[in-house]
Amino acid sequence: MGEVEQQGLHRDLKERHIRLIGLGTCIGVGLFLGSSSAIKLAGPAVMLAYLIAGLFIYVVMRALGEMSVHNPVAGSFSRYAHDYLGPMAGFVTGWNYWFLWIITCLAEITAVAIYMGVWFPDVSPWIWAMSSLAIMIAINLLSVKVFGEFEFWFSLIKVVTIIALIVIGLGMIVFGIGNGSQPLGISNLWEHGGFMPNGVFGVMLAFQMVTFAYGGIEIIGLTAGEAKNPNKTIPQAIRSVPWRILLFYVGAIFVILSIYPWNAEGQGSPFVSTFEALGIKSAAGIINFVVITAALSSCNGGIYSTGRMLMNLTDQKQAPSFFGKTTPLGVPRRAILLTLLMLFFGVLLNYLAPAKVFIWLTAIAATGNITTWILILLAQIRFRRSLTPAENAACEFKMPGWPLTSYAALAFMFFVLGIMLYVEDTRFAVMAGAGWLVYLAVVYWTVYRKKLSPAASLSS
């Protein structure tokens, strides 16, 4: 393969790359496609679900940022779990996150197949899934700088589109632009059954799709090992999370539901439906293109994440050393190719059961996301408790409201898992996720625990 023994990762990600990478990975199918399911469950009150979940996700990101600034490594939360919760926690966190992104990438390429079907209904979905997968793998195999540039422009397309939707939508709502100068107003937010037509329980049911939508935002932590100036870029990227949530999630959904009644949503993206309802057919085609770009962007970030996480696991002697080698350009090629092999199974799923794949995958991915965030919070709690008073005072990027905020976020994560366990459609995903974690623990105790030397075990 032309690889050397261990070239290591290169710090080639600039500040603009990291800002857009963190934004791009969490603006994907969950917002453009998954929001439709969340709206049906909660009605206009889905904005509360995005806002509440977003608040706790910000707490998770502050917890991760606190540790990332203290110790900026590529393995990020897997390394922190290893250091502060023990080797088994690091093993479970790393492999769970690797599996999570495999599942998420499958959901993203499934979405690409769905939206390409709008333009080419006679082409089998698995062909589009295979094509998109090949493009994303090629980008990741070149260099981290190439990955950063592609992700920057992918993300910029999404950001510009959402801002345009909000600006144009507000013009329609307030000034009646495109509606004969008759302001549309926001009465759709409380008509058609009220603001919370399905009650508080409907909002709680929407948390599963909402948490899936936020999945991927923790990739900011993984970029720390390849950031040019992690002590500056990581805090800046994390501090921007609140306004991202308000603008790109709550703002976009507010505009959509003000223009388009929540209970008239179709099966596709509410972004596309909104423009079609206003008679802007060409704009709907553009939105379709943007949704495809969003899915490719999220998949691109996912392939990046799996490669870096697997490489970190080899550093911890918790994965075959074969996958820890990099090319002279700092690309963990072998780890990425393993991801490619696993994603081929997703293409097979598209061929066998395309109609149900997205629902299955989002539920399982949401469980994996929540598990990762729980482990990040637990690691951060142990990290802060391990600091001396002097070290605590010198901490550069402290969690606001510690320790109450960390425990509140933990309680919310377990609450969402409880809701998913209660609902029949998502119960299997939680049970499968729990089974997967038990399996990882058994593998650690029966295989990798024995491989760690006494010295390595003590040092961890």
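In this predicted model, helices α4 and α9 are oblique to each other, since an angle of about 50° falls outside the ranges that count as roughly parallel, antiparallel or perpendicular. Helix α4 spans residues 46-70 and helix α9 residues 199-214, and their axes lie 9 Å apart at that angle of about 50°. The crossing of α4 past α9 is right-handed. On the α4 side, the contact is formed by Ala49, Tyr50, Ile52, Ala53, Gly54 and Ile57; α9 contributes Val203, Ala206, Phe207, Val210, Ala213 and Tyr214. Sorted by class, 11 of the residues in this contact are nonpolar and one is polar, with no charged residues. The polar one is Gly54, because Gly is counted among the polar residues.

Two residues of this helix pair, Tyr50 of α4 and Tyr214 of α9, turn up again in the interior. The largest nonpolar core comprises 123 residues, and Tyr50, Tyr214, Leu310 and Met413 are the ones with the most contacts inside it. Helix α6 (residues 87-119) supplies the largest share of this core, with 18 residues. For Leu310, the contacts beyond its neighbours within four places in sequence are with Trp95, Trp98, Ala319, Phe323, Ala335 and Leu338.

Attention turns now to a loop. Asn263 is found between α12 (241-259) and α13 (270-277). Its relative accessibility is 45%, so Asn263 counts as partly exposed, a class that lies between buried, under 20%, and exposed, over 50%. Pro197 lies 66 residues from Asn263 in sequence, while the C-alpha atoms of the two are 9.7 Å apart in space.

Terms used
Residues are numbered from 1 along each chain as its sequence is written. This is a predicted model: local features need pLDDT of at least 70, side-chain atom pairs count only at pLDDT 80 or more; totals for chains, interfaces and linings use all residues. Side-chain values use heavy atoms; hydrogens and water are left out. Axes are lines fitted to C-alpha atoms, for helices over the stretch in contact, and angles run from 0 to 180 degrees between N-to-C directions. Helices (H or I, at least four residues) and strands (E, at least two) are DSSP runs, numbered from the N terminus. Angles under 35 degrees count as roughly parallel, over 145 as roughly antiparallel, 65 to 115 as roughly perpendicular and the rest as oblique. A crossing is left-handed if the near helix is turned anticlockwise from the far one by less than a right angle, and right-handed if clockwise. Contact means heavy atoms within 4.5 Å. A nonpolar core is a set of buried Ala, Val, Leu, Ile, Met, Phe, Trp, Tyr and Cys residues joined through side-chain atoms within 4.5 Å. Buried means under 20% relative accessible area, exposed over 50%, partly exposed in between (1.4 Å probe, protein chains only).
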